[in-house]
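Hi,

Here is the two-part hand-over I promised: the structure first, then my notes on what turned up in it. Have a look before you read on.

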Amino acid sequence: MSKITTLIDKEDSVEIVRNQIAAILVAERDNQKTLATAAGKDPALWDFNVYIERADPWSIYQNSETEVTPIVNVWIDNETFEGGASNIAERQTANGRFNIDIYARGLAKDDGNGGHTPGDLDAALNMHRTIRLVRNILMAATYSYLDLRGLVGKRWPESISTFQPQQDNQQAQAVVAARMPMSVRYNEFSPQVEGDTLEQIAASITLDPSGEVIQATFDYT
Amino acid sequence: MSLRDQAFTDFKDIIRNTGEWGFTIDKVVKPDGSEVTTLVGLTTDISAAIDPDTGQIVSGRHISVALSIDDFGGEYPRNIHDSDEKPWRVSFKDVAGVVYEFKVEETIPDRAIGSLVLILEAYGAP
């Protein structure tokens, strides 16, 4: 026999935080590209595609000869709960780990000066440029609480790890990846018991400017 | 003729047989811009790879060409690490007739049997 009488159709805080991380990256990426254009610089250097919960966002690199826009994928790794900072009925304090994966492709090509740009170097530099943008955006002071003050208590980058391509399985595409796990502390809430109205008591008074009560009604039925 | 020489001859017969798996390589371009043309060899361009750690098939693109070691007169194509130089480049068509240009990423010569396998990397316009 069920006891929860309300429909559970709201996102959990962990989902809200994940989506907010992605939304912040998209908004600031677009603004950075606008600022770059205004500064007379190539906005493509501030460009990256943002995804959430994708298993293989890099497939575009496989299917395109020239696509080199870096990819950022935000996904929920795990969520742990602090018993000492929570209560059993309504609110649990949680620490979520959100993996922010960056994939960047480099393309070996002529440099127009008699030499060439090695693809592996191009991929690594593209990746480091993108992780630089991601870290600076998410750790900016204005996003101390990921614009979710009241829900988020703290956000912190755990580390930045890079993944080198395999040397004994050379692929035609030069792709380098990195991961920045981000820890976020926030509250999770759960359905509450809806109480039944046993008795309704209401009182109303009317005061004159001196504060004297000139009329009162008290309903105790 | 020794068995080793016979093996070398047989290898060239196999990779240069256009009636079977031999395929015309459009050109191999050296770093100095000179070209080696009219080569025939074996080519692969598949979008699957085997993860050497797990043995599982993973998505990727593996491109290679097998040529004879005597196609280049002693100076083999190799990976050019120095960005001040142009790389060795190889061009050939896929079965649909689309021409692709690649950079030589790794060279695997077998100087006993005379094979030269070039592992290729995608190469784009500047």
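Glu158(A) comes out as partly exposed, since its relative accessibility is 34%. Its side chain meets that of Arg97(A) in a salt bridge, with N to O at 2.9 Å. Arg97(A) sits in strand E3 (residues 91-106) of chain A, while Glu158(A) is in the loop between strand E6 (152-157) and strand E7 (161-163), so the pair ties together parts that are 61 residues apart in sequence. Arg97(A) is partly exposed as well, at 29% relative accessibility. Keep in mind that this is a predicted model.

Salt bridges come to 15 over all chains, so here are a few others.

- Asp122(A) pairs with Lys109(A), the closest N and O atoms being 3.2 Å apart. That links helix H3 (residues 119-138) of chain A, home of Asp122(A), to strand E4 (residues 108-110), home of Lys109(A), 13 residues apart. Asp122(A) counts as buried because its relative accessibility is 14%, under the 20% cut-off.
- Asp26(B) forms a salt bridge with Lys93(B), with 3.5 Å between the closest N and O atoms. Asp26(B) is in strand E1 (residues 23-29) of chain B and Lys93(B) in strand E6, 67 residues apart. Both are partly exposed, Asp26(B) at 26% and Lys93(B) at 36%.
- Lys12(B), Arg16(B), Asp70(B) and Asp71(B) are linked in a network of salt bridges.

Now the interface. Chain B brings 31 residues to the contact and chain A brings 23. About 2200 Å² is buried between the two chains, and carbon and sulfur atoms give 45% of that. Of the area that chain B buries against chain A, 23% is supplied by Arg61(B), Lys86(B) and Ala122(B), more than any other three residues.

How many salt bridges are there between chain B and chain A? The count is 1, and it joins the side chains of Asp110(A) and Lys86(B), at 3.9 Å from N to O. There are also 9 residue pairs in polar contact between the chains. On the chain B side, strands E3 (49-50), E5 (62-68), E7 (99-110) and E8 (115-124) each supply at least two of the residues that touch chain A. E8(B) gives the largest share, 6 residues.

A few single residues, in case you want to click through them:

- Ser91(B) is in strand E6 (residues 89-93) of chain B and is buried, at 4% relative accessibility. Leaving out residues up to four places away in sequence, Ser91(B) touches Ile25(B), Asp26(B), Lys27(B), Val99(B), Tyr100(B) and Glu101(B).
- Pro57(A) is in the loop between strand E1 (49-52) and helix H2 (59-63) of chain A, and is buried with a relative accessible area of 4%. Apart from neighbours within four places in sequence, Pro57(A) is in contact with Tyr51(A), Ile71(A), Asn73(A) and Tyr103(A).
- Asp13(B) belongs to helix H1 (residues 3-15) of chain B and is partly exposed at 48%. The C-alpha atoms of Asp13(B) and Ser68(B) are separated by 9.9 Å, with their positions 55 residues apart along the chain.

Last, the surface: Ile205(A), Leu207(A) and Val213(A) make a nonpolar patch of about 280 Å². Val213(A) is in strand E10 (residues 213-219) of chain A and is partly exposed, with a relative accessible area of 44%.

Cheers

Technical notes
Residues numbered from 1 in each chain as written. Chains lettered and ligands numbered in written order. Predicted model: local features only at pLDDT ≥ 70, side-chain atom pairs only at ≥ 80, totals over all residues. Heavy atoms only, no water. Patch = residues over 30% accessible without salt bridge, like charges linked within 9 Å, V, L, I, M, F, W, Y side chains within 5 Å. Areas by Shrake-Rupley, 256 points an atom, 1.4 Å probe, with all protein chains shown as cover. Salt bridge = Lys/Arg side-chain N within 4 Å of Asp/Glu carboxyl O. Helix = DSSP H or I, 4+ residues; strand = E, 2+ residues; numbered from the N terminus. Buried < 20%, exposed > 50% of the residue type's maximum accessible area, 1.4 Å probe, protein only. Contact = heavy atoms within 4.5 Å. Buried area = accessible area lost by both parts, 1.4 Å probe. Polar contact = N/O pair within 3.5 Å; in protein donor to acceptor, adjacent residues only side chain to side chain.
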